[in-house]
Amino acid sequence: MGEQHKTVLNIGCEEELECRGYRLTQGRWLLSVVLSVVTLGGLQLVFYWRNDWRVLFMCSQCSLKDAQVVLLHDKFYQVFPAEVKTISLKDSLETYIHQIRPTKDFNNQDIGPGGDPYLASTEHNTSSSYSDNDITYQETNLLINEVLEKQLTDHMVYFVHQKVKYIWNNFKEDFERLSAFDVDTPCSSFYTDSNGINNNEQNNKQLVYGYNDIDVEVKSYGKLLIEEVLNPFYIFQIFSVILWFLEVYYYYAVCIIVISVISLIISLYETHKQAVTLRDMVAQNSIVTVKRSNVVSEINSRELVPGDLLLIPPNGCMMSCDAVLVAGNCIVNESMLTGESVPVTKTPLPNPPGCNIPYSPDVHKRHTLFCGTQLIQTRYYGGEKVCAIVSRTGFETAKGELVRSILYPKNIGFKFYKDSIRFVMVLGCLAIVGLLYSIPVLLKNNAHVKDIIYKALDVITIAVPPALPAAMTVGTIYAQSRLKKAGIFCISPQRINMCGKLKLICFDKTGTLTEDGLDMLGVVPLQDDHFLPLIQHADELPRGPFLACMAACHSLTIIEGQITGDPLDLKMFEATKWILEEQGQDDTTKYGNMMPTVVKPTTTETYLQPNTEQLPYEIGIVRQFPFSSNLQRMSVITRTLGAKNMDVYVKGAPEMIASLCNKQTVPMDFHSTLQSYTQKGLRVIALAWRPLSQKVSWRRIQKLPRSEVENDLTFLGLLILQNMLKPQSTQVINQLREADIRTVMVTGDNMLTAISVARECGMIDPNSSVVLVTASPSSSTSPSTIEWSYDVPPQNKGMQIEKGFPKQNLYQNQKLPAPSTNFHFAINGKSFAVIKNHFADVMPKIIQKGTVFSRMSPDQKRQLVEALQELGYGVGMCGDGANDCGALKSAHAGISLSEAEASVASPFTSSIPNISCVPIVIREGRAALVTSFGVFKYMALYSIIQFISVMILYWINSNLGDFQFLYVDLVITTTVAILMGYNGAYTHLVKKRPPGSLVSPIILISIILQILVQIIGQTTAYFLLFTQDWFEPLHPSQDADENILCPENTVIFVVSSFQYIIVAAAFSRGPPYRTPIWQNVWFLISLIVLCMYTAFMLFYPNYLSFLESFFQVYQLGPDHMKFCWIIFTVIIVNATLTFAIEWLMGKAFIKTFIKPCRKKNALKNIYKRIEKEIMNDPDWPPIGQVTTSNCVS
């Protein structure tokens, strides 16, 4: 294998990086030293700003194996250097990564692995890669160790990028991300040793993995000061101040220094404060109990390493690492990670015999204790402890990943920010043009050499506004403040501007569009293989499996005297009017022995068992298999007091439960009955049961894999719950649709229920058709297929469609209504997965017309969001639960409905418990985006206006005076830039979205026309001066300071001062994105005061004698009042044209006029192209037909 110079890390992930190796070259290093001395450190300053340039200049590319430094290129074209380091180990590196130990019983405990052994179901297709004919996992590793023994290394070569360690793999001769037990680790490996690791292994693993710290660096004020001062903005400020001192602009330079120092102090304080706050929020050092070399000891949590056997304390704790539960149960509050405060039950990791399913923190999250979560209760059997194996530490943990996302936020690639940098570069080019102009002009006027140098350099400080980056954040800061007052918290302020470009919003259903709580409508039990009518009062049911299932099949627990758990479980249990008891009166007494939770009826008629000598009728919950959104079910194993056998009770999605039941027990009218309820928008849960053999012992129960428990069930009936729409949902959906913002529902609920809710809330018009897209995976004999059908045939609204009905006959000779009539696709998670894998050409059309996505797993929700983004949509996601976290983080704007003030689960967290927060965020995003555009345009025009003024005055070897600069830069510009962003968001959403690019034709035309108007304004006023009889042109002195007090200077100064005020008012646009300018009271007052004061300097400077000396203003009025009115007329015309241009640029006919000249980016509008293709094809989708793929598995 040849030595490679580059590789790709994290392939297919968000953090995909191209890695290239470099090695220091002695000659290049010497050259850099010489150039650094020659440039007085300038080269090193450039290298400080661009570290990658340092590497490219001083190093030459080499093989990765020999690299001393690597350059990492991400998909956003950012480049990061990282130093390659080496540490020595006592043993080979391979010994401490995926170490294999001989298998032995886990301390011979009765408690064994539980939970979901076959999470690798068809939904995830993560079945074991080992067949019966393959050699075992251990044999494979032994073979590798024998053959490659010579390649084992006693040192580790690595580099660190954004808190993640990448190590050199000597076998693959490549760098790879350091993993612990979260990658390619069989579940069985967590049960190989009950004695824990030894101290030698711990010490070496400490070297490999580092300390279990999520350390947020809090830099000292001195270090922060140096970093801040070396920022290009402050370097430019220092350069400008030095230049102004040399030009004897003392007052102006001192004011800038004072303002910069104050700004610097505030910035340092805020930066330090935020770092301290984040450090204190994530810092967690505690004393934990571990078992090492069969000895139990207490250590500091920062000394934990992957593989440590952690003993969970009986009174709960805050998790300081990620760990896999291997013995006992835990009840955990994961609100810090998910924003969902409902306690979650964790059970031991599954380990079915002969199965090597790889462990995954995402797939096996119900068996993983995540760092940063609060363990509320633990339960265990006999004298055994609750045990967990440490799987990840430090920044590799779930909490560490979230903290990394805060420290290194995802580059959202918003075009506005890229365009603003390009525009600054254009201003830089303008500065060069000005510099080339000023030198010959000043030479013509016989200016002093030093004045020529100073003034030429001064042009750069004028053309490129150093305050531009700070000014552009004003709108975002105000919007963030307003959102906070509205109860919406943002941890990623740069996302606010992106909210202004949202075109589509995905909504979760339960708890988002509908109420959190469920109302029990009734139950539908079976009798003689058919359903009975709905029974409203479940407690009136006779004692039997149905009532027992309702009372026992849940994960409820008692915390501080209150029954707590999933709202659905709570409603179901409350409907039985039974009692739930746990061992002991106090919560802490249950820790001695893990006694089963007991449920029992309260009525005297049913409390006692018949024919059992008054034995109480109690059901003990022996074991739980928690609810899994992937499996769409949960189950329990129970024993009834006095009974000889145990029972299994299962509840979940009706389709899933029916598939697990004995077919003879599923009623014939199952599908039609289910449809009749789900079409009404009701939540339907199916119940099932089966008795276990009397031979199955208590110990055997604890080791039974889930797959053996949840099969051959007897179908019991249906549980019907009502999940009412929140009052605000319909109103908000209609508001978004009126604003031409598409709405999509993505839920884990039943498809027909979701369609009903979509119709009810207005996502689907009453007259629109819904096309069901049902895809089937391929098999060895048949390819993948897609069936297209209506949810209810348009000509047969009352007809029920049962599963297995020949749709070809039902839809024969039917066609979808004409393309002008709107239609929507509805698809479930299984079909989504099939189409994604086998129908890549159809997928974009499904995504484009899909409105209801049901039975979607958490990862599929994320995939949907990313697929919509690929079509060019600005995507928002609004959800309330843990299942939405991936989608919330992937969306351009994720809004989590949570009571927490802020959650790292999404960029936005709303304490408003309904979707009314969505239009608020969009409106504030639009206001912030328009404000950013306005401030940017103002700062650009401010620079150009001042540039024009200086260029005109240079012609006569003059310039603006010290206090004139002060008045323009501080009094006018600073006041205006701060206050013009204070306009609030407009009250209504309109269809037209604000522009997102500075290089859009409308913005460019606006800026160019405004520049021309300001040039014409100043030059007109200047040349009008020469038409006056009383005017005597200035005879320039060699000393430029003596040329300031003159009519030419005063005219240019006054006119330009008015222009700053005029463009500020013109760019401060109100409706349809912001409130009108008169509602921004302070801004309006400042404009009026500034206008009055500037007019006073034009007309009556003699009334304030200090104006002439202080501002160096030539006295035009009242002696030359006629000319003053002429100048004022020029200003009025200038203002009229300025406002007229901005008014015209906002009109639709202008867009229509320039549209033929625009070159639209085809990729940007993929969704429009797909929509057009669908509309132009009247025969698609092929209703009543089957679409077949070209592949057979």
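Helices (H or I, at least four residues) and strands (E, at least two) are DSSP runs, numbered from the N terminus. This is a predicted model: local features need pLDDT of at least 70, side-chain atom pairs count only at pLDDT 80 or more, and totals for chains, interfaces and linings use all residues. Residues are numbered from 1 along each chain as its sequence is written, and side-chain values use heavy atoms, with hydrogens and water left out.

**Exercise 1. Two positive phi angles**

Task: Locate Leu40 and Asn957, and state whether each is buried or exposed.

Solution:
- Step 1. Leu40 is in the loop between helix H1 (26–38) and helix H2 (42–49).
- Step 2. Its phi is near 55°, a positive value in a residue other than glycine.
- Step 3. Apply the cut-offs: buried means under 20% relative accessible area, exposed over 50%, partly exposed in between (1.4 Å probe, protein chains only). Leu40 has 80% relative accessibility, so Leu40 counts as exposed.
- Step 4. Asn957 lies in the loop between helix H31 (917–954) and helix H32 (962–979). Phi of Asn957 is also near 55°, and Asn957 is not a glycine.
- Step 5. The relative accessible area of Asn957 is 0%, so Asn957 is buried.

**Exercise 2. The whole chain**

Task: Describe the protein chain by its helices and strands, its burial, its contacts and its exposed area.

Solution:
- Step 1. Count the elements: the protein chain has 39 helices and 41 strands.
- Step 2. Check burial: 53% of the 1193 residues count as buried.
- Step 3. Turn to contacts (heavy atoms within 4.5 Å). Take those between residues at least 6 apart in sequence: 74% of them join residues at least 24 apart.
- Step 4. Look at the surface, using the Shrake-Rupley method with a 1.4 Å probe. The chain exposes about 52100 Å², and carbon and sulfur atoms supply 58% of this area.

**Exercise 3. A sheet of eleven strands**

Task: Give the strand order of the open sheet of eleven strands, then find its edges.

Solution:
- Step 1. Recall the general rule: strands of a sheet pair through backbone hydrogen bonds, either parallel or antiparallel. Here, two strands pair if DSSP finds at least two bridges between them.
- Step 2. Read the order: E20-E40-E39-E38-E21-E33-E37-E36-E34-E35-E41, with mixed pairing.
- Step 3. Strand E20 (488–490) and strand E41 (1186–1188) each have a single partner strand, so one side of each has no neighbour in the sheet. These two are the edges.
- Step 4. Add the twist: neighbouring strands are turned by 20° against each other on average, direction ignored.
- Step 5. Zoom in on one pair. Strand E34 (residues 769–776) and strand E35 (residues 785–790) are antiparallel over six bridges. Thr774 stands opposite Glu787 in E35.

**Exercise 4. Two cis peptide bonds**

Task: Place the cis bonds that join Pro1071 to Pro1072 and Trp1180 to Pro1181.

Solution:
- Step 1. Between Pro1071 and Pro1072, omega is about 10°. Pro1072 lies in the loop between helix H34 (1047–1067) and helix H35 (1081–1099).
- Step 2. Between Trp1180 and Pro1181, omega is about 0°. Pro1181 lies in the loop between helix H39 (1166–1175) and E41.

**Exercise 5. Cysteines without partners**

Task: How many disulfides does a search of the whole structure find?

Solution:
- Step 1. Set the test: a disulfide is a pair of cysteine sulfur atoms within 2.5 Å.
- Step 2. The search finds zero.
- Step 3. Try Cys59: the closest cysteine sulfur, in Cys62, is 8.4 Å from its own, too far for a bond. Cys59 is buried, at 9% relative accessibility.
- Step 4. Try Cys371: the nearest cysteine sulfur, that of Cys321, is 6.8 Å away. Cys371 is buried too, with a relative accessible area of 3%.

**Exercise 6. Around Leu310**

Task: State where Leu310 sits and what Leu310 touches.

Solution:
- Step 1. Leu310 belongs to strand E12 (residues 309–312).
- Step 2. Leu310 has 4% relative accessibility, so Leu310 counts as buried.
- Step 3. Leave out residues up to four places away in sequence. Leu310 then touches Val288, Thr289, Val290, Leu304, Met319, Cys321, Val386, Cys387, Ala388 and Val390.
- Step 4. Ala323 is 13 residues away along the chain, and the C-alpha atoms of Leu310 and Ala323 are separated by 8.0 Å.

Key: Axes fitted to C-alpha atoms, helices over the stretch in contact; angles between N-to-C directions.
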